[in-house]
Every structure is written in C-alpha cells, then in structure tokens.
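Please open the structure in your viewer and keep the selection tool at hand. The tour below states what to select at each stop and what is to be found there.

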Amino acid sequence: MMWGFRLEFKQNLRTKKFWVIIGIMALLYIPSFYIMKSFFLQSGREITNEAAMSMLISSITGMTSFFVAILALLIGATAINSEIEKGTLRIAMSKPIKRLHYIGGKFLAHILVLLIAILFSTAISIAGILYIGGSLTSQLVTDVLLLNLLLLLAMIQLVALGYIISTLIKSATTALGLALAVMFIVFMIVPSMVGFLAIKDTMNNPHTSMEEVQQIQKEYTTKYLFYDPISQVKVITADVSTMSSSNSGVIRNIRYNGVAYAIRHNPTNLAHILWLTALYLIIGFYRFLRMDLR
Amino acid sequence: MILRIENLIKTYGDVKALNGLNLEVKQGQIYGFLGPNGAGKSTTILSTLGLIFPQQGRIELFDTEVFRDGKYDESSLVEVKRKIGYMPEHATLWEFLTPLQTLDMIGEAFGIPKGKRAERSEELLKLLNLWDVRNKKVGKFSKGMRQRLLLAQSLINDPELLILDEPMTGLDPSGIAEFKGIIRELNREGKTVFFSSHILAHVEEICDTVGVIVKGKLIVEDNLESIKREFLRRAGYTIIVETSRPVSFDGVEWKVSPLGEKKYRIVTPGDIREEIHDFVASQRAKILTMQVKEPTLEEIFLKMVE
C-alpha cells in the first residue's frame, strides 16, 4: 500500500492543479486580511478571540472549502482514468501489487495532499489573524484542528465521488469537465436554490426572527442538501457561535460555543458526511477492483 | 509450461475480443504472437497479467492457475508476477521521475533491497544506453529512449518470463536492430520471451515459435519453418510451356499470356502441380521453366487473415 501511496503523493505534489489552487487561495487571502486590518484600524476596535475564531471559520469554510473541494473532486475524477490513458496504471498493476493495496495507497496520498492544502490555507488564515492583531490561544488552535478534520472529512467525500467518476468515464479530460460541471451545478447552484427556497418560505411570516430563519435554512440544508458535504460543514459550523437578536432584528449578543460543541449538536449532518463518504468509497473501490485497465 | 491459456473468452460489449483462445508458451521460447490490429493480442496479454477480466476460460502461469471462469486468484497472481517482466504498448512512464528514480520505484514494488536496486538499475541503464541520461526527467525523453526505459523497467526483477506488447513500434531501424539483439541475448540467458507484433519482419528474425491470432482465435501455432512449409503448398507457380496448341483454361484462375510463337507463361495462384501434370500430358506440352514463388511472411499472414 505504501508503494502506491509514495508514488501518488509525489505525483500529486507535482501536478499543476494542486499548485494553481494553492496559489489562487494565497492570492485571495492576503488582500482580504489587508482589508480586514484596515477596517479594524479605522473603526478603532480591538479584535477579540471570538471574533478572530469567527473570521477564521468563515474564511476556512468559505474560501478554503470552495477551492479545496474543487481540488478534491478533480484529483478524484482523474485518479484512475488519466493513469489508464498514460499507460502507467498498466505498468504499476503488472507488478506484484494487489489492486486494493494500490487504490488504498492512492487514497491515503490524496488525503495527505488535501490535508496539506487545508493546513496551508489554515496557516495563512492564522497568520492573517495575527497580522490583524488577534492572539493565538489554545482554544483557537484546538478549534482550528477540529475544523480542519471536519473539512477533511468533507473533502474525502468529494475525492470518493471523484473515484466513481474516474472509473465510469474513460477520458480524463471528459471526467475533468464533468467534475467541474458537477461542482458548479450540484454543489453551487442547487445549494443556492435551496437557500433561496428557505428564505422564501420564511417570508410568508413577517414576524419571523433571525434565529427562526437560520433554523429553517438549517433544516432545508440537512434535508435537501444531504449529499453536499460543504453545506453540511456550514450547518455544523453555524453553531460555533450563537447570535441572539432583539425583536427589531438587531444583534444583541454573540456567544462563542466552539467547534466541538457545534459538531456534538449536529450529529445528523456529521452522519450525512460519514455515510455518504463510506458509500462513495465502497462504490469507487469496488469499481476499481473489477474494472478492465485498458 | 510457462504460460497456458485455455478457451479464453473476453467480450467488450458486443465485440468478441477473445473467442476461445488456446495458447501455450514453453520455457526458453521466443514466442511471436502475431495478428492484425484488433485481433486480440493486447487483450490476451492484459488477461495474462490480470489487468482485464475475461468472462470465461483458464490461465496458468508457471504451472499455477491464476484465472478460472471470470475470477483471478489474486494471491497466486501476485506471486507469479514476481517472475514476470512486462513492457506495454503505447505507455509513457511517470514523466516527473528520472530513469534512476523510475527503476528504483519499480524495483521497490518487487521488494528488491535498495542496494541491489541501485546495482541493477545501473546495469540496465548501461545495457540500454540510458546511463548518460540517468538524471534527466522522463518527460524530456525521445520515443526511442522511452521505449528503452520501458524495456529496462520490465527487466528490473530479472524476470523468467518477459512479455512485450508491440515493443518495436515507433523505433528507427537502428533501434529495432539493437532491440532484437537485446531480446536474443536475454533469451540466451534463459528467459522466455512472449512478444506480440503486427510487424512480421521483426518476428521472422527473432522468434522460434509463432502463433497467429485472428478475431480472438489462434489459427496457427508452430515454428516458423513449419508455417512457411505449410504455406509453400499454397505458393504460386510461374511456368513457361511450349505447346503447339493454343492454351486456354476455363474456370481456373490461371493467368496465361503468350510469350511468342508456341510459348506461354502460366501464372498460378497456388499449388497446382497435379493440374499442370494433367495439362502437360493432355496438351503434349513441354515445360521449359517452372518457378515457385515462395511467400514472404507478410503474404502468409495476409492469407491467414483472409
């Protein structure tokens, strides 16, 4: 298994898509933190730990999850077919290596590559928080690690979905196109539509509070977007802080609960991520074990 | 027996790539596996290595059954693969690796210790004239260099059976000559070589046994001389006869052309020695010359495919 892992890991670190996505993330993060620092300087406010964590969570679940999700789906969708096209898979599998060990090694390498991408963006985010004036507390570090694990789980689901695409579509270019289309339609347009529907349904009652709107959005996401791991992560991380507002809708208080609390209070969303990941992996692995490598 | 394939059937959708293939490769042979494009050569090789799943049949490697009726015995297959070297058709290697790194990585897959891997890599890269480019990325290699590296990777484990799928495709004449020399040398060292090609001249010069596959079935399997002898029977004849009567044949595919007074050239498509005898007797003709046109392997092959 480690043979396939080492080979795949080296290969992935040398692919353009990995460095392009890392580069784009870095380019987007740096100006955003510069703007935030200007905002804090102008308003004369000091950054609290809670505010720092909220910023970190929003940047990680927002920008990082978007870019790493694209990376995950693309890595998965071209994992097998591109190797069949190049002929390297035939060479590898003509050696005394079991198919399960080979795909297992590939999978481990993909996890590590995604973890590197997530940690990279997290490191930039933490550097950004320090740059703005926040401080690095033990809770912030613990929560960031938990959040990274959660995000990694979500990304593994996308890699596994990519494996299914990769075993179904022989051409790596077509698979790449399909993966991008899936990303755009299924993981971007459909969640926006569901979010819109949730807001539309709350508009019937003008007295609906902000908490109730959030609750309905959460219910809709859990129910209709169970297949979208990023949406499920967003539902979970929404509970990291709790906002209470007055009747007029003005935010009165923000209470910081932490990532562990948020995960504990959303078991259904975590379960959606886990069971679909397992299902996709079983299908992807099974297809690889039974497929003709030609 | 190094390789035994029995009644192997593989279909891709409606297309029967292998249609009850039977094949045997004995130790020490250089077995030429011939066939036109799409005949099932690569499918046979991929099945042998467990890379595709035939629907039916049986495959034995080194007297170990590795496949029967749709299922591979993966543990046995992994074990016998330790004795096999495979050079695929139309493959690139990992372009980000150098030849040294490639051979090291492949050697690692066989569980060869690091020191021994380095020694073997050096030996092979020198043998295949790649030592000077040992630290150059494979992505920058020419076609010929890639082919040589593909051969090198197939030899890293010092295999008992070497499976080469169209190994000389794309090589220039000097590369082909060099390649043939290496294959002969490997065979002299005791390695069995199973070698597919549609370029008959390559097979003619280096293979002692030839199998011809057409539409997924082996239609001939013999040594080259026997195959040639068999097809000599179907050889064409050019006969020049002298006869006072005009020569004409109805319903026979003979080409008759006058060569001046009382002389005719008769060109026949196959072995018609009896008919010629009858003709000479009945026409009181005299055979002046008779030439047998020995078929090239190319022609034999085309006849078989027909």
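Select B:Leu162 and B:Val193: B:Val193, in strand E9 of chain B, is the bridge partner of B:Leu162. Helices (H or I, at least four residues) and strands (E, at least two) are DSSP runs, numbered from the N terminus. The model is predicted, so local features need pLDDT of at least 70 and side-chain atom pairs count only at pLDDT 80 or more, whereas totals for chains, interfaces and linings use all residues. Residues are numbered from 1 along each chain as its sequence is written, chains are lettered from A and ligands numbered from 1 in the order in which they are written, and side-chain values use heavy atoms, leaving out hydrogens and water.

**Parallel strands of chain B**

Widen the selection to strand E8 (residues 161-165) of chain B and strand E9 (residues 192-197) of chain B, which run parallel and are joined by 5 bridges. Two strands pair if DSSP finds at least two bridges between them. Add helix H6 (residues 173-188) of chain B: E8(B), this helix and E9(B) make a right-handed β-α-β unit. Right-handed means that, with the strands pointing away from the viewer, the path from the first strand over the helix to the second runs clockwise.

Is E8(B) mostly covered or mostly uncovered? It is mostly covered, with 5 of its 5 residues buried. Buried means under 20% relative accessible area, exposed over 50%, and partly exposed in between (1.4 Å probe, protein chains only). B:Leu161, B:Ile163 and B:Asp165 point one way from E8(B), and B:Leu162 and B:Leu164 the other way.

Next, select strand E7 (residues 84-87) of chain B, which runs parallel to E8(B) and is joined to it by 4 bridges. B:Ile84 stands opposite B:Leu161, and B:Gly85 stands opposite B:Leu162.

**A buried loop residue**

Move to B:Leu93, in the loop between E7 and helix H3 (99-109) of chain B. B:Leu93 counts as buried because its relative accessibility is 3%. It touches residues of both chains, including A:Thr88, A:Ile91, B:Val138 and B:Leu149; contact means heavy atoms within 4.5 Å. B:Gly139 is 46 residues from B:Leu93 in sequence, but the two C-alpha atoms are 8.3 Å apart in space.

**The antiparallel sheet**

Display the open sheet of 5 strands in chain B, which has the order E2-E1-E4-E5-E6 and antiparallel pairing. Strand E2 (15-25) and strand E6 (71-72) each have a single partner strand, so one side of each is left without a neighbour in the sheet. Strand E1 (residues 3-12) of chain B pairs with E2(B) over 8 bridges; B:Arg4 has B:Glu24 as its bridge partner in E2(B).

**Helices of chain A**

Turn to helix H8 (residues 172-202) of chain A. At 1.5 Å a residue its 31 residues should span 45 Å, and its end C-alpha atoms are 44 Å apart, which agrees. The expected span is 1.5 Å times one less than the number of residues. Among the buried residues of H8(A) are A:Ala172, A:Met183, A:Phe187 and A:Thr202.

Then select helix H6 (residues 99-132) of chain A, whose 34 residues reach 49 Å from first C-alpha to last, close to the 50 Å expected. A:Gly133 follows H6(A) and has a positive phi, near 125°.

**The nonpolar core**

Finish at A:Met155. Of the 174 residues in the largest nonpolar core, A:Met155 and B:Trp94 touch the most other members. Such a core is a set of buried Ala, Val, Leu, Ile, Met, Phe, Trp, Tyr and Cys residues joined through side-chain atoms within 4.5 Å. A:Met155 touches, among others, A:Val68, A:Leu114 and A:Ile230.

Note on methods:
Lists of a residue's contacts leave out its neighbours within four places in sequence.
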